[in-house]
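Reader: I have a protein to discuss with you today. May I put some short questions to you as I look at it?

Author: Certainly; please show it.

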Amino acid sequence: MRHVAMILAVLVLAPLCFGQQCQEQVWMNPAEVPFVVDPNAIPADPYTGEPALLAYLIGDVGRELVYDGYGCDPDANRITFAASRGFLEHPTPDSFMWRYTPVATGVHYVQITVTDQPMAHQEPLTRTGTIAILATPQNRPPVLCGGRP
């Protein structure tokens, strides 16, 4: 039992003392998106200078789109997420599930923001990524007729 308590203490306290092992921020190249995106609609990441394109999605108008993501703070600060539109859930403290149903065809842009909660004497830091969405008309079934027109 003593060993279990020690292991739990290390698992809980190590990130607080040494920070978390976060992946390096990687953004998508807007040129790799299979539809035309407006470069002015994808703000640059202030830390890397690159266009902050998190992902792209293609879906039908009126059908819900879902995107799962996560965030990490290398200082082990608590983080929060926000979205410019749609519905954002937080299944765990470091992950999010974003849901959005486009109501019009065309390209839409949604910003997902993660903000850390540092110590009282520090200012929170934020990072924002953009999801580009191509909303297409729903596919309708063909008409099958008998006889000649």
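Reader: Which cysteines form a disulfide?

Author: This is a predicted model. In it, Cys22 and Cys72 form a disulfide, with their sulfur atoms 1.9 Å apart. The count comes to one disulfide.

Reader: What is the handedness of the link of Cys22 and Cys72?

Author: The link is left-handed, with -75° about the S-S bond.

Reader: And where in the chain do Cys22 and Cys72 lie?

Author: The pair links distant parts of the chain, 50 residues apart. Cys22 is in the loop between H1 and S1, and Cys72 is in the loop between S2 and S3.

Reader: How accessible are Cys22 and Cys72?

Author: Cys22 counts as partly exposed because its relative accessibility is 25%. Cys72, at 30%, also counts as partly exposed.

Reader: What about Cys145, buried or exposed?

Author: Cys145 counts as exposed, at 63% relative accessibility.

Reader: Let us turn to the fold. How many helices and strands does the protein have?

Author: The protein has one helix and seven strands. From the N terminus on, the order is α-β-β-β-β-β-β-β.

Reader: Which strands form the open sheet of three?

Author: The order in that sheet is S2-S5-S4, and the pairing is antiparallel. S2 and strand S4 (87-89) stand at the edges; each has a single partner strand, so one side of each is left without a neighbour in the sheet. Neighbouring strands are turned by 20° against each other on average, direction ignored.

Reader: How many bridges join S2 to S5?

Author: Six bridges join these antiparallel strands. Among the residues involved, Val66 has Arg99 in S5 as its bridge partner.

Reader: Now the interior. Which residues of the largest nonpolar core touch the most other members?

Author: They are Tyr67, Phe96, Trp98, Ile112, Ile131 and Ile133, in a core of 14 residues. At least two residues of this core come from each of S1 (53-60), S2 (65-70), S3 (78-83), S5 (95-100), S6 (106-117) and S7 (126-136). S5 gives the largest share, three residues.

Reader: What is Ile112 in contact with, leaving aside neighbours within four places in sequence?

Author: Its contacts include Leu54, Leu88, Phe96, Trp98 and Ile131. Apart from this core lies another, of eight residues, among them Phe35, Leu53, Tyr109 and Ala132.

Reader: I am also curious about Thr130. Is it buried or exposed?

Author: Thr130, which is found in strand S7, is buried: its relative accessible area is 1%, and the cut-off for buried is under 20%. Not counting residues up to four places away in sequence, Thr130 touches residues including Ala41, Pro43, Leu53, Tyr109 and Gln111.

Reader: And Pro46, buried or exposed?

Author: Pro46 is exposed, with a relative accessible area of 69%. Its place is in the loop between helix H1 (2-18) and S1.

Reader: How far apart are Pro46 and Thr126 in space?

Author: Their C-alpha atoms are 9.7 Å apart, although 80 residues separate Pro46 and Thr126 in sequence.

Reader: Lastly, the whole protein. What share of its residues counts as buried?

Author: Of its 149 residues, 30% count as buried. The protein exposes about 10500 Å², of which carbon and sulfur atoms supply 58%. Among contacts between residues at least 6 apart in sequence, 62% join residues at least 24 apart.

Methods: Residues are numbered from 1 along each chain as its sequence is written. This is a predicted model: local features need pLDDT of at least 70, side-chain atom pairs count only at pLDDT 80 or more; totals for chains, interfaces and linings use all residues. Side-chain values use heavy atoms; hydrogens and water are left out. Helices (H or I, at least four residues) and strands (E, at least two) are DSSP runs, numbered from the N terminus. Buried means under 20% relative accessible area, exposed over 50%, partly exposed in between (1.4 Å probe, protein chains only). Contact means heavy atoms within 4.5 Å. Accessible areas come from the Shrake-Rupley method with a 1.4 Å probe; for residues, only the protein chains shown count as cover. A nonpolar core is a set of buried Ala, Val, Leu, Ile, Met, Phe, Trp, Tyr and Cys residues joined through side-chain atoms within 4.5 Å. A disulfide is a pair of cysteine sulfur atoms within 2.5 Å. Two strands pair if DSSP finds at least two bridges between them. Axes are lines fitted to C-alpha atoms, for helices over the stretch in contact, and angles run from 0 to 180 degrees between N-to-C directions.
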